[in-house]
Amino acid sequence: MDGARFPNRILWIALFLGVASGLLWLSGEVAERNAIARLSAETRGAAILRQAYLKSEIERFRLLPIALSDDSDLVAGLTGS
């Protein structure tokens with residue numbers, strides 16, 4: 001009778017290890033997908049912030065050539081008069 005119980009124990013242990021391995025793999029896949037999604041969202045947010053900063057810097061200096069063209073000393077210095 002003990003001889004018949006031994007293979008059953010091995011079968012149950014193997015089944016348990018297989019299910020545990022499958023659950024570990026599945027949880028790893030879910031964690032990886034969550035990490036990629038979070039990283040993607042953070043990267044997208046950082047890109048939007050950098051885009052807004054760059055746009056504000058460009059806008060800040062957009063009128064600089066017009067303002068400099070009204071400066072008579074600068075125009076005189078550049079034209080040599």
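The following exchange examines the reasoning behind several labels applied to this predicted model.

Colleague: How confident is the predictor in the protein chain, and where is confidence lowest and highest?

Modeller: The mean pLDDT of the protein chain is 91, and 95% of its residues reach 70 or more. Helix 2 (residues 64-69) has the lowest confidence, at a mean of 84, whereas helix 1 has the highest, at 93.

Colleague: What makes up the secondary structure of the protein chain?

Modeller: The protein chain has 3 helices and 0 strands, and along the sequence this gives the pattern α-α-α. The radius of gyration is 35 Å, well over the 12 Å from the globule rule for 81 residues, so the protein chain is more spread out than a compact globule. Along the principal axes, the C-alpha atoms fill a box of roughly 115 × 20 × 10 Å. One pair illustrates this: the C-alpha atoms of R5 and S56, 51 residues apart along the chain, are separated by 76 Å.

Colleague: What share of the protein chain is buried, and what is its accessible surface?

Modeller: Buried means under 20% relative accessible area, and buried residues make up 0% of the 81 residues. The accessible surface comes to about 7500 Å², of which 68% belongs to carbon and sulfur atoms.

Colleague: Why is L23 called exposed?

Modeller: The label exposed requires over 50% relative accessible area. L23, which is found in helix 1 (residues 2-60), has 54% relative accessibility and therefore counts as exposed.

Colleague: Why is R5 called partly exposed?

Modeller: R5 also has its place in helix 1. Its relative accessible area is 46%, and partly exposed lies between the 20% and 50% limits; R5 is therefore partly exposed.

Colleague: Which residues form the nonpolar patch on the surface?

Modeller: W12, L15, V19, L23, W25, L26 and V30 form this patch, with about 780 Å² of accessible area together. For membership, a residue needs over 30% relative accessible area; L23, at 54%, meets that condition.

Colleague: How do you know that R60 and E57 form a salt bridge?

Modeller: The cut-off is a side-chain nitrogen within 4 Å of a carboxyl oxygen. For R60 and E57 the N to O distance is 3.4 Å, so the pair qualifies as a salt bridge. The two residues are 3 apart in helix 1, which means that about one helical turn separates them. In an α-helix, residues three or four places apart point the same way, because there are 3.6 residues a turn. R60 is exposed, at 56% relative accessible area, whereas E57 counts as partly exposed, at 21%.

Colleague: Which residue forms a salt bridge with R62?

Modeller: The partner is E59, with the closest N and O atoms 3.2 Å apart; the structure holds 2 salt bridges. R62 is exposed, with a relative accessible area of 51%, and E59 is partly exposed, with 41%.

Colleague: What makes helix 3 hardly covered?

Modeller: Helix 3 (residues 72-79) has 8 residues, and the count of buried residues among them is 0.

Colleague: Which residue caps the N-terminal end of helix 3, and what follows the helix?

Modeller: D71 is the cap: a side-chain oxygen of D71 lies 3.2 Å from the backbone nitrogen of D73. The limit for a polar contact is 3.5 Å, so this distance falls within it. After helix 3 comes G80, whose phi is positive, near 80 degrees.

Note on methods: Residues numbered from 1 in each chain as written. Heavy atoms only, no water. Patch = residues over 30% accessible without salt bridge, like charges linked within 9 Å, V, L, I, M, F, W, Y side chains within 5 Å. Areas by Shrake-Rupley, 256 points an atom, 1.4 Å probe, with all protein chains shown as cover. Helix = DSSP H or I, 4+ residues; strand = E, 2+ residues; numbered from the N terminus. Buried < 20%, exposed > 50% of the residue type's maximum accessible area, 1.4 Å probe, protein only. pLDDT = per-residue confidence, 0-100. Polar contact = N/O pair within 3.5 Å; in protein donor to acceptor, adjacent residues only side chain to side chain. Rg over C-alpha atoms; globule rule 2.2 N^0.38 Å.
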